[in-house]
Structure formats: C-alpha cells, structure tokens
Amino acid sequence: MSNSSEPRRRLLADIWFPERHLYIRSNGEIRGYVLTTGRQMALAAVAVIGGVWALIASGGFLFNLAYQSQAEDAVARARAASERVNADLQARLDSAVLRMSSTTGSLEETADMVERRHAALVNVMGMFRDVQGAETALRPSPPVESANPVVRIAAVKLDQERLLARAEGFAESRAERLRLAFRLAGLNPSAYFDASAALGGPLVQGDDPEALAAVLDVDEAFAARIQRAADDLTEMRGLADAASALPFGRPAEARTTSGFGLRFDPFSRRPALHQGQDFAAPLNTPILATAPGVVAFAGVRSGYGKTVEIDHGDGFKTRYAHLNSITVQPGQRIALGQRLGGMGTTGRSTGVHLHYEVWMNGRPQNPARFIRAGDELVQ
C-alpha cells in the first residue's frame, strides 16, 4: 500500500510544484537558478504558516477592539446615569426645602438624623480614600451658608445622596475600565477578585440591612444604600489592587519593533517563535520595571546577554534582555517604574534594543496585550 501511494504523492508534487528555471540577466551576463520541487514546497509551507499566523493575530486584535468598544459604551452609560441622578437630586432638594419649611415636626429630630447619616457616610467612605481618584470623587461638598436652618439641613441631605450617587458612579466606571484592562491582557477579572471577601470594620454584618443600620445608627433604607455603594467600591478596589501587582507598565520610553510570535530569525533567516516584544531607543535608555516584585536574576544569560528577571508573584515573571548595564541585584525588592539598567546590544543582538518578555505560570505571553491593558488604565 505504501509503495503504491509514494509515486502518487510524487506525481501530485510534480504537478503542483514542477521544477522551474529562473534566468536573471545583469550587466550582459545571464545567471540561471533552479527552483526544485522541494524548495517550492518549503516556500509554500512558509507562506501558509505566515498566513495562518496573520489570521490569528488579526482575529485577536479585532476581539480586543470589540471588548474595548463595549466597555467604553458602558462607561458612557454610567456617566449619563450619574448626570440624571444629579438632576433628580436637585429637584428633590427643592421639594425637601418646601416640605421641611411647612412641617410642624421637630427640627431637632431632623437635624439629629442628618448628623447620624453624615457620620455613617464619613465612616464608610473613609475606608476607600486610598483608592486612586476616590479622594476627589468621595469628597463632601462645602457646607451651605444660610441663616435658615431648614435650608442648611436640606442641603446636607442632598449632599449625602449626591455622595452616594458619586460613589456608585465612580466605582462602576472605574471597575468597568479595570475589567476591560484584564480582558485586554487575556485575563479573567473574576479570578482576581473574591466577591465573598469580608469588608471588615463597620460593614462586617453588611449582608443584613437591619444589623448594618444598628451598627451605623441610621435608618435601614439609608444603610442599604450605603451597603450597595460600599460593595461597588470594594469590588473596584479589589480589581485595582490586583492590577497594581500585574506587569501593565511600559518597560522603556521607546518605539516598538519586533512583536511576539512567528518571525524570520535575524541570524538564521528561518521562521522562529519570538517570545517577547522588542523596543528600540538610544544606548543606555532607562529600562523600567513594569510591576513591583523581587529580582530573581541579574546577570548574563546565553543569547540574552545582560539580563534582569523579576518575579511578581502569582505566577507572573518579566525578563529584560540585551542590557548595556544592570543597576539591581538578585533578591532586591523592586517598585513599579524603578530603573533596572540601560538599554544595550549584548548577547544575540543585531543592534541597540530591549527584548522584553512576560511569563505567566511558566508560559510566555504576548507583552503587547499587557501594555495595551496598562494604557487603558492610564486613560
């Protein structure tokens, strides 16, 4: 069976890739080249591999664009909803002033309720002051100066509701942008945030609105609103904390050259997998850590030249190769953006550049995805 199939394969190869002769005339001389069946088949295989890789890369790029478009639409909807809430709150302020001015109830009781609510808000919102951007978003409005105590109390109530609305809007838009960044990096956001984690402090019993109201000394309806806002802020902070430990930074202020994936090796001129991203810039351009971590290696590696490797924890590592100089030592703790050395051309290199790799659980990842994720968070 095998003896009969072999001539058939040879016949098909001769039909598709017959031997061709190429003649080139230059300066009066004619040179001939023979393109054998084997050489033509090898060139065709390279072309097919390149086409498949281009389709895969294009598909991934379009997939990332779709995710980004959906996230931007969600952020726009959240912003529009926040504006509608502010308009509604202003109308409620006018209505509250009229009701409080005409009521015969105790002004002292109303003022006491407002003070308790304000104390609860300050207590809870203070838990999130360390989150980037939260200091401005969760800052109370300046007190209203008026001789009429009814107007002042109504203004404070309005500010409390506006603060809750701002907290919910800020948390939702920021969390959506963080989730988009994780997806751009090819990561599952839910794997980096435990929604069942306890909040601690005054919200230990947050699952029970009645118990939370007793802890905060406010009415149950207001306690439920505080809990919803706090849940949103907690999820957002959890994602932000996880993102701060991932290699989302840029390793150098430089232009990108060769990307991750299949390419022709500059030395062998054969197709080979490029496991990182290359950046080109002048000699000794600062090389920066893309996330906090611990230096796992600093020295010379075969092919890589002078190299720094950083362990970021949770299975993530980054590698910075072809350096001209190294300014860190093994075991040293590194902060985000800390200088690791200067760009060079040591090792298996054709010119001054940085070869940058990202590894997750022992497998090389496309660094461009992580850089796009970091750019999304900066916006």
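Which residue forms a salt bridge with Glu-309, the closest N and O atoms being 2.9 Å apart? I will come back to that after an overview. Please keep in mind that this is a predicted model.

The overall make-up, then. The chain has 379 residues, and 36% of them are buried. It contains eight helices and 14 strands. If we take the contacts with a separation of 6 or more, 65% of them are between residues 24 or more positions apart. The accessible surface of the chain is about 21,300 Å², and carbon and sulfur atoms account for 55% of that.

Now to the salt bridges. The count comes to seven. I will go through some of them.

Back to the opening question. The residue is Arg-319, which forms a salt bridge with Glu-309 at 2.9 Å between the closest N and O atoms. Arg-319 sits in strand β10, residues 316–326, and Glu-309 sits in strand β9, residues 305–313, with the two residues 10 apart. Are these two buried or exposed? Both Arg-319 and Glu-309 are buried. For Glu-309 the relative accessible area is 12%, and the cut-off for buried is under 20%, so Glu-309 falls on the buried side.

Glu-309 has another partner. The side chain of Arg-301 also meets Glu-309 in a salt bridge, with 2.6 Å from N to O. Arg-301 has a relative accessible area of 32%, which makes this residue partly exposed. In this pair, then, Arg-301 is partly exposed, whereas Glu-309 is buried.

These residues belong to a network of salt bridges, which links Arg-301, Glu-309, Arg-319 and Glu-357.

Next, a salt bridge elsewhere in the chain. Asp-375 pairs with Arg-250, and their closest N and O atoms are 3.0 Å apart. Where do the two residues lie? Asp-375 is in helix α8, residues 367–378, while Arg-250 is in the loop between α7 (220–244) and β3 (255–256). The two are 125 residues apart in sequence, so this salt bridge ties together parts of the chain with that separation. As for accessibility, Asp-375 is partly exposed at 31%, and Arg-250 is partly exposed as well, at 35%.

To recap, Arg-319 and Glu-309 are a buried pair, and they are linked with Arg-301 and Glu-357 in a network of salt bridges. The salt bridge of Asp-375 and Arg-250 joins helix α8 to the loop between α7 and β3. That is what I have on this predicted model.

Methods:
Residues numbered from 1 in each chain as written. Predicted model: local features only at pLDDT ≥ 70, side-chain atom pairs only at ≥ 80, totals over all residues. Heavy atoms only, no water. Helix = DSSP H or I, 4+ residues; strand = E, 2+ residues; numbered from the N terminus. Buried < 20%, exposed > 50% of the residue type's maximum accessible area, 1.4 Å probe, protein only. Contact = heavy atoms within 4.5 Å. Areas by Shrake-Rupley, 256 points an atom, 1.4 Å probe, with all protein chains shown as cover. Salt bridge = Lys/Arg side-chain N within 4 Å of Asp/Glu carboxyl O.
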